[in-house]
Each structure stands twice: as structure tokens, then as C-alpha cells.
Amino acid sequence: MAVAVSGGSDSTALLLGLKDWAQGREVSLYAVTVDHGLRAAAAHEAEAVAQLCAELALPHHCLEWQGWDGQGNLSDAARRARYDLMADWALSHDIHDLVLGHTQNDQAETLVMRLARGAGLDGLAGMGARTARGAMTLHRPLLGVSRESLRAYLRRRDIGWADDPSNEDPQYARVRTRAALSALESAGVEVEALAKVAGYLREARATIGHVAQEAAERLVQFDAGDLVIDAQAWGEERRDIQRRILQAALRWVSGHGYPARGAAVEALLEALQREEAMTLHGCRNIPRRDYIRITREWAAVADLEACPGTLWDGRWQVSGPFEPEDRIRALGEASLSLCPDRRQAGYPAASLIASPAVWRDGQLIAAPLAGLGQSEGWSAECLRSRRDLNDTLLSH
Ligand SMILES: Nc1ncnc2c1ncn2[C@@H]1O[C@H](COP(=O)(O)OP(=O)(O)OP(=O)(O)O)[C@@H](O)[C@H]1O
């Protein structure tokens, strides 16, 4: 397993604690630090972590991020890059567990910041002690431990840590939230209690996830890359369960790593109730009296192109007598009429135009879902499964 160490107090204490824990166990522990190259001191901090790891006889790797393009929110971009870099590095070393030093204070701050944004249950449920992230599992064993007690532990062991000046910079909402929480202590609002609330909400979130997953098991069918929901049974579910199934279905079809949220999802719920089609999250939602069909939106895949042997739209595996220069693209409306057997296939036109087709020298060669090229051995398989839908409903 790998431990993510920034050199701050929380992750330094985590490093020492894990080193003790790993002793006598059959665990190979690696430490990893990301140098974002954003502050002059960052390289020294990474160097100090390397030094501490050498003293502890632990292997340490420093990863450098040079990807900042000056666009958007720097903290968000740095966080995403950090997780991606660490996950890529870990997986390339066949490491599937990454341990992070988030504390009780981080959990409480997250809860309050999300309250301020008017978040729902999913947001307020905060961070989990164990969460899946692709092929990695993220562990946060310190969520029940306060930052102050970790610092006391380091002082007792006479180990120093780096203080990131951005932790004092009031331009960051987290820094202002931390200050507000410390002011609230006099009113009896304790970090420990807030973190506990996040834990309870997390349990409630998990329970609702299970209920939604059981409902999806009954209501959702899989049809050539589309999801088909039993409209009547879905209509009898509570709105929260309806919403969760829809959100998960949209993610399943589109492959987006995040759910559709807020007013857009409410608008979709309303539209489906009125049996009106609507496009959202890269999907076309088509309500009929008996079912709701969720298919890929043609406009969202119109520009996607894949080479033979690679996945198209992140989920379609097309097989057949490929030539190397062949390209896989969406069938598109204009080419639908080139598939004489399209009606026999039994899929709606909206699904077919967003389905994979094979082009050679600008000519349509195959469109397996629309019945073109099947007799020559062309086929297309959607690699996403019910398990992926279940994981989305259960995970957080
Ligand atoms: N530069 C870094 N290198 C390695 N690990 C890091 C680095 N920065 C943060 N971490 C890891 O992430 C943990 C949480 O730190 P921090 O709160 O700054 O992270 P974050 O990833 O921005 O998360 P969030 O904002 O969701 O709290 C740290 O305890 C450490 O384990």
C-alpha cells in the first residue's frame, strides 16, 4: 500500500502511525509525495519527506505536476492532478491501496462548506473511511482523529512538519471555514460532533443507496447500450429513489465520472412525468407510457472517433474484419437510411444514430446495431454492465 505524504502534520503523523502498524505485518508500505511546483518551498518539503522516509527505511517517490494551464480553480486542478498522478503511479507499481491523512477537522470543515452550498445528503455525507476510485481504494483512517492530537503525537516523537502558507490564506473558503469553526467552539459547536454528524449521514446515504440499487434491480433493463426503465414501477417509487436511479442511469450511459445534479435533474423528473423527451448529461431520455428509454445523445458522440481495437465512447467494443485505416464513429442520422435492415433490429432511431458504425475511405461499412454488416461478421458489444450501475448507486 502507499501513503500520501504532503509533509504537513496530518500526513506526517499518518506516515509514522502506518509504519508502526505495518511492522510485523505482511504489508509493503511506500510513501508518495506530489510536488505541484507552485511554491518555491514545495521541493524542500518533498525533500524533507524523502529524508524522513530514509530514516524510517521506507521507500519514497516524489511525483511532479507541471500541468497547470492557468485556467479554472487552481486548488481543484491541483487536487485532481494529485489524485491522478498518485493513482497512476500506484497502479503502475501494482499498488491498489492509497492511504490519505484526512482528519476529523477536514471532515467537519467539509460538512460546513457543503452546508453553505445547500448540499443534499450525498454532499453532507462527507468523506468515507474507504472509497473506491477506479481500480484504487482510498483509505482515510484518521477521520476520527483531531489535527491537534496528531500534532501532539508528532511533538512527543520530536518530529517536525511543514506548514503550508495557503492554510492561512483567507482567500480560501476552507481557511475561512476553519476560522469560523474555531469561533463557534465558544457556542459549543465542536469539530468532533460535526464529524460525527457526517458519519451518521454517510450511513443514511449508504442505506438509501442499497434501497435504490434493489429498486434498480427490478426496474432497469439493459438493451444494446441503452437503459430501459419500467415507467409504471418507477413512478411508484419515492422521488429520491427515482432521482438516484435516473442519475445513475445517466452516468451509466454517458460514462461521466460525476452525476447530473440540481435544477437540471429536477427538470428531467418533471419532463418524464409529463412524458416529454429531454436531453441531459449527454443522454436522450425518451419517455413512453410503459417505459423510459435512456440512450446516448447523438450530439455528444458526433465528434468521437476510435481506431480498430480501441473502445468507442468508452464502452463499445466493435469487432469485425477491420482494415487498419478504418474508423469507428457514430452512425448519425444522415446514414441511417443506408441501413436497410435497421427496423428488424428493433431499436429506436435515436439509439441507432448514436451507435457505433465503421467507416472506410468515407464509406459506411458496418453499423452492427442497425443490422448493417452483421453477415460479414461485424458486431458491437457494450462493455458496461449491471454491476457498473450497482456500483454507481452504492458508491459515494
Ligand atoms: N502534495 C501532496 N502529496 C502527497 N499527498 C498529499 C499532498 N497533498 C495532500 N495529500 C494527501 O491528501 C491528504 C489531505 O490533504 P488536503 O486536505 O490538503 O487534501 P485534498 O486532497 O485537497 O483534499 P480535500 O480538499 O478534499 O480535503 C493529506 O493528508 C495527504 O495524505
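Tutor: Before we start, one definition: two strands count as paired if DSSP finds at least two bridges between them. Please also keep in mind that this is a predicted model. Now, ask away!

Student: Into which domains is the protein chain divided?

Tutor: Let's walk along the chain from its beginning. Residues 2-195 make up domain 1, and residues 224-296 make up domain 2. The remaining domain covers 301-382, and that is domain 3.

Student: How far apart are the centres of domain 1 and domain 3?

Tutor: For this one, each centre is taken over C-alpha atoms. The separation between the centres of domain 1 and domain 3 is then 45 Å.

Student: Six strands form an open sheet with mixed pairing; what is their order?

Tutor: Let's start in the middle with some pairs. S1 (residues 2-4) and S4 pair in the parallel sense over two bridges, and S4 (residues 97-99) also pairs in the parallel sense with S6 (residues 136-139), over three bridges. Strand S5 (residues 130-133) joins S6 in the antiparallel sense over four bridges. Put into the whole sheet, the order reads S3-S2-S1-S4-S6-S5.

Student: Why is one side of S3 and of S5 left without a neighbour in the sheet?

Tutor: Look at where these two strands sit in the order S3-S2-S1-S4-S6-S5. S3 (60-64) and S5 stand at the edges, so one side of each has no neighbour, and each is left with a single partner strand.

Student: How much are neighbouring strands of this six-strand sheet turned against each other on average?

Tutor: Here the direction of the strands is ignored. On that basis, the average turn between neighbours in this sheet is 30°.

Student: Which residue in S6 is the bridge partner of Leu98?

Tutor: Leu98 is a good residue to follow across the sheet. Towards S1, Ala2 stands opposite Leu98. Towards S6, the residue facing Thr131 is Leu138, and the bridge partner of Leu98 is also Leu138.

Student: In the hairpin of S5 and S6, which residue takes a positive phi?

Tutor: Find the turn, where two residues lie between the strands. The residue with a positive phi, near 60°, is Gly134.

Student: There is another hairpin, of S14 and S15; which residue in its turn has a positive phi?

Tutor: S14 (residues 356-360) and S15 (residues 363-366) pair in the antiparallel sense over three bridges. Arg360 stands opposite Gln363 in S15, and two residues lie between the strands. In that turn, the residue with a positive phi of about 50° is Asp361.

Student: The open sheet of five strands has the order S7-S8-S11-S10-S9; which are its edge strands?

Tutor: This sheet has antiparallel pairing. Inside it, S8 (residues 226-230) pairs with S11 (residues 291-296) over four bridges, and Ile229 has Ile292 as its bridge partner in S11. An edge strand pairs on one side only, and the two that do so are S7 (220-223) and S9 (278-280).

Student: Let's turn to helices: is H1 oblique or perpendicular to H6?

Tutor: The axes of H1 (9-22) and H6 (residues 147-156) are 9 Å apart, and the helices pack at an angle of about 60°. Angles under 35 degrees count as roughly parallel, and 65 to 115 as roughly perpendicular. The angle of this pair therefore makes H1, relative to H6, oblique.

Student: And are H4 and H8 roughly parallel or roughly perpendicular to each other?

Tutor: The axes of H4 (residues 104-116) and H8 (residues 191-219) come within 8 Å and cross at roughly 70°. Their crossing is left-handed. An angle from 65 to 115 degrees counts as roughly perpendicular, and so H4 and H8 are roughly perpendicular.

Student: Is the crossing of H10 past H16 left-handed or right-handed?

Tutor: H10 (residues 239-254) and H16 (residues 386-394) pack at an angle of about 130°, with axes 9 Å apart. That makes the pair oblique. As for its sense, the crossing is right-handed.

Student: Which residues come nearest to the ligand?

Tutor: The shell around the ligand divides into four nonpolar, five polar and four charged residues. H1, S2 (30-35) and H3 (74-92) each supply at least two of them. Of the 13 residues there, the nearest are Ala4, Ser6, Ser11, Val34 and Gly101.

Note on methods: Residues numbered from 1 in each chain as written. Predicted model: local features only at pLDDT ≥ 70, side-chain atom pairs only at ≥ 80, totals over all residues. Domains from an automatic or database assignment. Near = placed C-beta within 6 Å. Nonpolar A, V, L, I, M, F, W, Y, C, P; charged D, E, K, R; others polar. Axes fitted to C-alpha atoms, helices over the stretch in contact; angles between N-to-C directions. Parallel < 35°, antiparallel > 145°, perpendicular 65-115°, else oblique. Left-handed = near helix turned anticlockwise from the far one by under 90°.
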